[in-house]
Amino acid sequence: MSDAAIDLGTPEPFRRHPASLWPEVLLEQCEVTTGRAGGPGGQHRNKVETRVVVTHTPTGAIGEGSETRSQKRNHAAAVQRLRVNLALSLRGDGLADPRVRELIERRAGDGLKVSDSHVDWPAVLAATLDECALERWDVKAAAQRLGVSASRVVRVLKTEPRAHTLLNRERTDRGLRPLR
């Protein structure tokens, strides 16, 4: 994974990380498919196309939802998972995006506390990872830029185990000790 900023090909003065886009805006860049979900759930689940897969066309990232019998709920879950997957897989310009900067400044007072089911969660995760990457995975320096403590940055990343694994893999690759 490169530390270079991603080029999303947008004409805006600031590159927007796809995870920081509102779900409705992100969906304009996506292909949505539905299908039948397997597994338990009875007759309704097996006869109705409730499984939803959302694919971000520019990157190929995928989010899937199939755990409920409601296509609407599965769609919302798929979009949220896609946004988290984008936050994990793409590195952006960190706080250069005005929406992300405003979001982080507002959330920093609360120590970046946000539920992983909240609409802002993928943007907070992406910004936290972006700042860590921009600081060569030095959590203390990233925390200073974000306006929170280093332990809070680690707690944010631990909320999504794949983010914590990414942090430690990148730190190890640079000769830094992994964080608990």
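Ser117 is exposed, with a relative accessible area of 59%, and this residue makes a convenient starting point for a walk through the predicted model. Its place is in the loop between helix 4 and helix 5. Although Ser117 and Ala77 stand 40 residues apart along the chain, their C-alpha atoms are separated by 8.8 Å.

A view of the whole chain helps to place this loop. The secondary structure comes to eight helices and three strands. Read from the N terminus, the elements follow the order α-β-α-β-β-α-α-α-α-α-α, so the chain closes with a run of six helices after its last strand. Of the 180 residues in the chain, 46% are buried. The chain exposes about 9,300 Å², and carbon and sulfur atoms supply 50% of that area. Contacts also reach across the sequence: taking those between residues at least 6 apart, 55% join residues at least 24 apart.

The two helices on either side of the Ser117 loop can be considered next. Two packed helices are described by the angle between their axes and the distance between the axes. For helix 4 (residues 98-108) and helix 5 (residues 121-134), the axes come within 10 Å and cross at roughly 95°. Angles of 65 to 115 degrees count as roughly perpendicular, and helix 4 and helix 5 are therefore roughly perpendicular to each other. On the helix 4 side, the contact is made by Val100, Leu103, Ile104 and Arg107, which meet Ala123, Val124 and Ala127 in helix 5. By class, these residues divide into six nonpolar, no polar and one charged.

Further along the chain comes helix 6 (residues 139-146), where Arg145 is found. Arg145 counts as partly exposed, at 41% relative accessibility. Beyond its neighbours within four places in sequence, Arg145 is in contact with Leu95, Glu131, Leu134 and Glu135. One of these partners, Leu95, is 50 residues away along the chain, yet the C-alpha atoms of Arg145 and Leu95 are separated by 8.7 Å.

A second helix pair is formed by helix 7 and helix 8 (residues 161-173), which pack at an angle of about 125° with their axes 4 Å apart. That angle makes helix 7 oblique to helix 8. Val154, Leu157, Lys158 and Thr159 in helix 7 meet Pro161, Ala163, His164 and Leu167 in helix 8. The residues of this contact comprise five nonpolar, two polar and one charged.

Helix 7 (residues 150-159) is also the place of Ser151. With a relative accessible area of 39%, Ser151 is partly exposed. Ser151 and Arg180 are 29 residues apart in sequence, while their C-alpha atoms lie 10.0 Å apart in space.

The cysteines complete the picture. The structure holds zero disulfides. Cys30 counts as buried at 15% relative accessibility, because buried means under 20% relative accessible area. Cys132 is buried as well, with a relative accessible area of 0%.

Notes
Residues numbered from 1 in each chain as written. Predicted model: local features only at pLDDT ≥ 70, side-chain atom pairs only at ≥ 80, totals over all residues. Heavy atoms only, no water. Axes fitted to C-alpha atoms, helices over the stretch in contact; angles between N-to-C directions. Helix = DSSP H or I, 4+ residues; strand = E, 2+ residues; numbered from the N terminus. Parallel < 35°, antiparallel > 145°, perpendicular 65-115°, else oblique. Contact = heavy atoms within 4.5 Å. Nonpolar A, V, L, I, M, F, W, Y, C, P; charged D, E, K, R; others polar. Disulfide = S-S within 2.5 Å. Buried < 20%, exposed > 50% of the residue type's maximum accessible area, 1.4 Å probe, protein only. Areas by Shrake-Rupley, 256 points an atom, 1.4 Å probe, with all protein chains shown as cover.
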